[in-house]
Amino acid sequence: MQCDNCGKEGAFIRKVTKTFGKGDDLLVIEDVPIIHCPHCHENYLTAETVHELDDIRRARKGATRRSVDVSIFAA
Ligand SMILES: [Zn+2]
């Protein structure tokens, strides 16, 4: 896959977990496909993914309640 940023071949899709908001508004979205380029070390989302993330966040599409541990970085 060609990198949109530097134009070189070799970019690939990685699945990451993204979190949005905090406290009671916290939403965790797993398996978000991001494109990673080993040449310029850029990580980016396709326009399609950004759009889908907006949909998910607005409607909390597919959201299920899960008990998770949340740590706050306090230094
Ligand atoms: Zn690149």
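Q: What makes the strands S1, S2 and S3 count as a sheet, and is their pairing parallel or antiparallel?
A: In this predicted model, 3 strands form an open sheet in the order S1-S2-S3, and the pairing is antiparallel. Two strands pair if DSSP finds at least two bridges between them; S1 and S2 are joined by 8 bridges, and S2 and S3 by 2, so both pairs satisfy the criterion. Individual bridges can be named: Thr 19 has Val 28 in S2 as its partner, while Ile 35 is matched with Tyr 44 in S3 and His 36 with Asn 43, also in S3. The elements themselves are DSSP runs numbered from the N terminus, helices being H or I runs of at least four residues and strands being E runs of at least two.

Q: Which residue numbering and which confidence limits apply to these values?
A: Residues are numbered from 1 along each chain as its sequence is written. The model is predicted, with local features requiring pLDDT of at least 70 and side-chain atom pairs counting only at pLDDT 80 or more, whereas totals for chains, interfaces and linings use all residues, and side-chain values use heavy atoms, leaving out hydrogens and water.

Q: Why do S1 and S3 stand at the edges?
A: S1 and S3 each have a single partner strand, so one side of each is left without a neighbour in the sheet. Helix H1 packs on this sheet, touching S1 and S2 (contact means heavy atoms within 4.5 Å), and its direction makes about 180° with that of S2; here axes are lines fitted to C-alpha atoms, for helices over the stretch in contact, and angles run from 0 to 180 degrees between N-to-C directions.

Q: How do you know that Val 16, Phe 20, Leu 27, Ile 29, Val 32, Ile 34, Leu 53 and Ile 56 belong together as a nonpolar core?
A: A nonpolar core is a set of buried Ala, Val, Leu, Ile, Met, Phe, Trp, Tyr and Cys residues joined through side-chain atoms within 4.5 Å, and these residues form the largest such set, with 8 in all. The elements giving two or more residues to this core are strand S1 (12-20), strand S2 (27-36) and helix H1 (47-59), with the largest share, 4 residues, coming from S2. From the helix side, Leu 53 touches Phe 20, Ile 29, Val 32 and Leu 45, not counting residues up to four places away in sequence. A second, separate core of 5 residues includes Cys 3, Ala 11, Cys 37 and Tyr 44.

Q: Why is Val 16 called buried?
A: Buried means under 20% relative accessible area, exposed over 50% and partly exposed in between, for a 1.4 Å probe and protein chains only. Val 16 has 19% and is therefore buried. Val 16 lies in strand S1 and, with residues up to four places away in sequence left out, touches Ile 29, Glu 30, Asp 31, Val 32 and Ile 34.

Q: What makes the arrangement around the zinc ion tetrahedral?
A: The protein donors are the SG atoms of Cys 3, Cys 6, Cys 37 and Cys 40, lying 2.3 Å from the zinc ion, and so they satisfy the donor limit, which asks for N, O and S atoms within 2.8 Å of the metal (3.2 Å for Na, K and Ca), with water not among the atoms, so that sites may look incomplete. The 4 donor atoms subtend angles of 104 to 115°, and the arrangement is therefore tetrahedral, since four donors count as such if all angles lie between 85 and 135 degrees.

Q: How are the donor residues of the zinc ion spaced in sequence?
A: The spacing is C-x2-C-x30-C-x2-C. Cys 6, in the segment before S1, and Cys 37, in the loop between S2 and strand S3 (43-44), are 31 residues apart, and this pair links distant parts of the chain. Cys 6, at 34% relative accessible area, is partly exposed, whereas Cys 37, at 0%, is buried.

Q: What makes the phi of His 41 worth a remark?
A: His 41 has a positive phi of about 60° although it is not a glycine. His 41 sits in the turn of the hairpin formed by S2 and S3, which has 6 residues between the strands, and its 57% relative accessibility makes it count as exposed. Arg 60, likewise not a glycine, has a positive phi of about 50°; Arg 60 is found in the segment after H1 and, at 33%, counts as partly exposed.

Technical notes. Four donors count as tetrahedral if all angles lie between 85 and 135 degrees; four count as square planar and six as octahedral if opposite donors are over 155 degrees apart and all others between 65 and 115; anything else is irregular.
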